[in-house]
Amino acid sequence: MTRSVWLKADDTVGDWEVRKQRITTGLEAGVDWVLVDESDVGRVRQLGDVKVAAFRDDADVHVADAEDEGEETAEADAYVVGKDGEGDGTVDLPSDFSGSADLTTLRHSDDRAQGAYIHIRGKEYETLAEQAARDADHTLVVGEDWQIIPLENLIARIGDQTELVAGVTSAEEARAAFETLEHGADGVLLDSDNPDEIRETVKVRDATEREQLDLQWAEVVSVERVGMADRVCVDTGSLLEHDEGMLVGSMSRGLFFVHAETAESPYVASRPFRVNAGAVHAYVRTPDGGTKYLSELKSGDEVQVVDTEGRTREVIVGRVKIEKRPMFRVEVDVEGDHVETLLQNAETIKVPTSEGRKAVTDLQAGDELLLYYEQVARHFGEAVEESIIEK
């Protein structure tokens, strides 16, 4: 499930300079959407590349109408009804929702609006949100002194009908929204000028999307020199932490944790963006849970980085270096199964052991290495249920 962070930046948060600063901070942090007034869409487009949602200035006028009249109008990626209308309480709710102006606009076949903004003021507004969710791609719900119960109700009732976006004012509230009823909201609408809160909310989004892997120890059976092979260094566009690395291996069912070159050495300076990952034939794990051959990687690809606790994140490949180098064949035993990989014979290549970080050149039979192990076969990198023998 892909989560999203929306940033509220309409005229209720301040003048254009205040809004501009908020939007710029959001762009730098990596928000997914910016929610503005329709008149600001063009300004946001000039600031950077981000999805733009706009409150309709007039819910009864489609953007094409303005273009037909010769006005230069920047188009938003989505239009939202509810501001200065029924959604925010400016206009009283009708006794019968069939007479709702906001819902009527959402139901137009000409895509006048793709989203609804609703301030939850009571049960009747929860009902409005449920009605809107039937037609809205995005249903944004906010409230003062926000309570978890209304959000739980909406998550339970709306299900997969819409992207449910919960209004929040802090990263902590965002975390709670993403965790509510285990499923959580699909997105959050952040209303904050605080750069730290904006950046932290994006980090919360990223953390909720990351896969958590169960790593386990495997006993080294043998380490032997096997001559020269084409070795792959994966240089990423990110700085990796000291406890991070990649999962690589000759056999898809058992991927070895290989540390990034974050440690200083008397032989070479650290390269905290690099993982010396092994030979060209080896698998490397990707963010979607699949694998690629190291030889296939190229600049712009995404690979998965994992830390020693099994927490994952995605990084972009900046370049791949393939050179002939002397190699070790490392074989381990995990649950009675023997798996192996080829790693360069060099002191700078390090792996986590039960006794701490250790250079491949110092490995011995009986050491315990960290491994990601799963009893699956793979076809073009995808897990399949069939019998494949790797040896």
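Is D337 buried or exposed in this predicted model?

**View 1. The surroundings of D337 in strand 17.** D337 is buried, because its relative accessible area is 16% and the cut-off for a buried residue is under 20%. The residue belongs to strand 17, which spans residues 337–344. When neighbours within four places in sequence are left aside, D337 makes contacts with R253, V332, Y373 and Q375. One of these partners, Q375, lies 38 residues from D337 along the chain, and the C-alpha atoms of the two residues are 10.0 Å apart.

**View 2. The barrel of parallel strands.** In the order 1-2-3-4-5-6-7-8, 8 strands close into a barrel with parallel pairing, and from one strand to the next the twist averages 25°. Strand 7 (residues 163–168) is joined to strand 8 (residues 187–190) by 4 bridges in the parallel sense, and V168 has L190 of strand 8 as its bridge partner. Helix 5 (residues 123–133) packs on the sheet, where it touches both strand 5 (115–119) and strand 6 (138–142), and the direction of helix 5 makes about 175° with that of strand 5.

**View 3. The two faces of helix 7.** Within helix 7 (residues 171–179), the buried residues are A171, A174, A177 and F178. These residues lie on the same side of helix 7, because they cover an arc of only 115° around the axis. In general, an α-helix has 3.6 residues a turn, so residues three or four places apart point the same way. The exposed residues E172 and E179 are carried on the face of helix 7 that is turned away from its buried side.

Terms used
Residues numbered from 1 in each chain as written. Predicted model: local features only at pLDDT ≥ 70, side-chain atom pairs only at ≥ 80, totals over all residues. Heavy atoms only, no water. Buried < 20%, exposed > 50% of the residue type's maximum accessible area, 1.4 Å probe, protein only. Contact = heavy atoms within 4.5 Å. Pairing = 2+ DSSP bridges. Axes fitted to C-alpha atoms, helices over the stretch in contact; angles between N-to-C directions. Arc of directions from axis to C-beta.
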